[in-house]
Amino acid sequence: MTSDSFPDYEQRMARAYDALDAGDEAGAEAALTAALSLAPEAAEARGALGALLRRQGRFHEAAAQFAVAAGAEPGRASWALEQAACLADAGLTEDAWALASAALARRADDAAGHRLAARLQLARGETAAALAHAREARFLAPHDLDGATEVGQVLVDAGDPLAAAEMLEPLLAHAHPADPARAGALVLQGRAWAALAEGGKAARCWRQALEADPEDAGGAARLLAALEAATAAGGADLTPTYVKALFDRYADRFDTDLTQKLRYQAPQLLRQALDTVGVGTGLDILDIGCGTGLGGVEVKPLARFLAGVDLSPRMVEHARARGLYDRLWDADLMGALAEAPGAWDLVVAADVLVYLGDLAPVFRAAAAALKRGGRFAATVERWPGEGPYALRESRRYAHAREHLLAAAQEAGLDVEHLAPVAPRWEKGRPVDGLLFILRKGT
């Protein structure tokens, strides 16, 4: 840029910013293009045009503008990060990651860089690395509500909405009502609560988001309508995310609370019933929803090989410390059952099915996972009312006896044992439950 062109360049940049303030994107683009005709290497104009194009969804064009800006000012890492963000928006994850990781290598204390890295690592399937970048971004900018919303999105997408909700709660409590980042944060907070089956909290967040942003850029009205429709239809089921978060949070005091406060005895009752039907020993056993391993203690003497699976990684850590299991991993129940068809002599589920509604798919999966002559033993809470099952105020499902029988018949499993039990206590009273052992034909 020559000294002669400088006044005209400045005038055109000023015109571009005035147009942006007025919401005239076409005028702003024309003014920025005119400024660049005088100063093609001007990083400021390239960056402003790139930001405008990105807002319009023209990601490839935006990335090209930021690339020129980065070449003009190689010491400024933000241009490379903006280029990487545009490539990420365009779906070019690996190209974006190459740029972002290089920029972070030069500037490791850049919170925006770590937020972008978290998003990209998650897209690349590197969940642990994504969460590490998310934590670093949060550490570097603890009071940035807009940045926290980006971090929270990564946490929700990574399956940890509880962490997102807990992070956003204090920031939103102290946010100024006019903070432009507040509406987006409230929308995400609502999504986190919805994933945790906290419908009331989610609805409250989305209503507040609509008050903060009547134009509803974050789609709060759509989310609220979907939640209300699902609730009206009785479709507000417990999500795997909710169950995982519940037990991750509960893991450290799980044994004490269950055995002392709730008089939990489902594993002992299952072992007694298994002895009654004569299951024998030397069995390949899968303990689904193994928790901290209380059930494993009871069935270990029957096992040749004992595997345990739970949705909560923290529960699995506690179970591993017992040294009982030959294999432990965290996964959902249906995935674990499908992993090894025809592999198990015995599948046990102590106080696990209370987090599922319709048991027919579970029974079919259990039947496929069992060897011929294998058994599926579990406890449920009994539902005495109308319908096959119901979600109680305790956020646990209760199942009708008739539903168990119908699901077993459909799955081709014979009822070997079915009896009333009290698997635990609640509010000072025994819970009305059922214990069943189903057997696959030989």
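# Pockets, salt bridges and rings in a predicted model

Biologist: Let's start with D89. What is its relative accessible area, and does that make it buried, exposed or partly exposed?

Modeller: D89 is partly exposed, with a relative accessible area of 25%. Keep in mind that this is a predicted model.

Biologist: Which residue does D89 form a salt bridge with?

Modeller: R119 is the partner, and the closest N and O atoms are 2.6 Å apart. That salt bridge links distant parts of the chain, as D89 is in helix α5 and R119 in helix α7, 30 residues apart. R119 also counts as partly exposed, at 33% relative accessibility.

Biologist: How many salt bridges does the structure hold?

Modeller: There are 22 salt bridges.

Biologist: Okay, and what residue does the side chain of E150 meet in a salt bridge?

Modeller: E150 meets R115, at 3.5 Å from N to O. Here too the pair links distant parts of the chain: E150 sits in helix α9 and R115 in helix α7, 35 residues apart.

Biologist: Is R115 buried or exposed?

Modeller: R115 is buried, because its relative accessible area is 12% and the cut-off for buried is under 20%. Its partner E150 counts as partly exposed, at 42% relative accessibility.

Biologist: I'd like the pocket now. Which residues lie nearest the centre of the second largest pocket?

Modeller: R54, A85, R115, R119 and E150 lie nearest its centre, out of 23 lining residues. The elements that give two or more residues to this lining are α5 (77-89), α7 (111-123), α9 (145-157) and α11 (182-195).

Biologist: How much space lies in the second largest pocket? And how do the residues of its lining divide into nonpolar, polar and charged?

Modeller: The space comes to about 750 Å³. By class, the lining of the second largest pocket has nine nonpolar, five polar and nine charged residues.

Biologist: Back to charges for a second. Which residue does the side chain of D284 meet in a salt bridge?

Modeller: D284 meets K371, with 2.9 Å from N to O. This pair links strand β1 (residues 283-288), which holds D284, to strand β5 (residues 370-382), which holds K371, and the two residues are 87 apart in the chain. D284 counts as buried at 7% relative accessibility, whereas K371 counts as partly exposed at 26%.

Biologist: Which residues do salt bridges that share partners join into one network?

Modeller: R54, E82, D89 and R119 are joined that way.

Biologist: Nice. On to rings: how many aromatic pairs does the count come to?

Modeller: The count is six aromatic pairs. One of them is F376 with F436, an edge-to-face pair with 5.6 Å centre to centre and 75° between the planes. F376 lies in strand β5 and F436 in strand β11 (residues 433-440), so this pair ties together parts that are 60 residues apart in sequence.

Biologist: Is F376 buried or exposed? And what about F436, buried or exposed?

Modeller: F376 is buried, with a relative accessible area of 0%. F436 is buried as well, at 2%. Y389 and Y397 also pair: their ring centres are 6.0 Å apart and their planes at 75°, so that pair is edge-to-face. Y389 counts as partly exposed at 31% relative accessibility, while Y397 counts as buried at 4%.

Biologist: Which residues form one aromatic cluster?

Modeller: F363, F376 and F436 form it.

Biologist: Where does the charged end of K201 sit?

Modeller: The charged end of K201 sits over the ring of W193, 4.4 Å from its centre. There is also R327, which lies over the face of W329 at 3.7 Å from the ring centre.

Biologist: Last topic: how many cavities of 30 Å³ or more does the structure hold?

Modeller: The structure holds two. The largest cavity has about 50 Å³ of space, and P267, L270, D287, G295, E298, V299, V348 and A350 line it. α16 (266-277) and α17 (294-299) are the elements giving two or more residues to that lining. α17 gives the most, with three residues.

Biologist: And which residues line the second largest cavity?

Modeller: L404, L405, V415, L418, F436 and L438 do. Its volume is about 30 Å³, and its lining divides into six nonpolar, no polar and no charged residues. F436 is thus a name you have met before, in the aromatic cluster with F363 and F376.

Notes:
Residues numbered from 1 in each chain as written. Predicted model: local features only at pLDDT ≥ 70, side-chain atom pairs only at ≥ 80, totals over all residues. Heavy atoms only, no water. 1 Å grid on protein atoms, 1.4 Å probe; cavity = no way out; pocket = protein on both sides within 12 Å on 5 of 7 lines; lining within 4 Å. Points joined across faces, edges and corners; volume = space filled by probe spheres on them. Helix = DSSP H or I, 4+ residues; strand = E, 2+ residues; numbered from the N terminus. Nonpolar A, V, L, I, M, F, W, Y, C, P; charged D, E, K, R; others polar. Salt bridge = Lys/Arg side-chain N within 4 Å of Asp/Glu carboxyl O. Buried < 20%, exposed > 50% of the residue type's maximum accessible area, 1.4 Å probe, protein only. Phe/Tyr/Trp six-rings, centres within 6.5 Å; stacked < 30°, edge-to-face > 60°. Lys NZ or Arg CZ within 6 Å of the ring centre and 35° of its normal.
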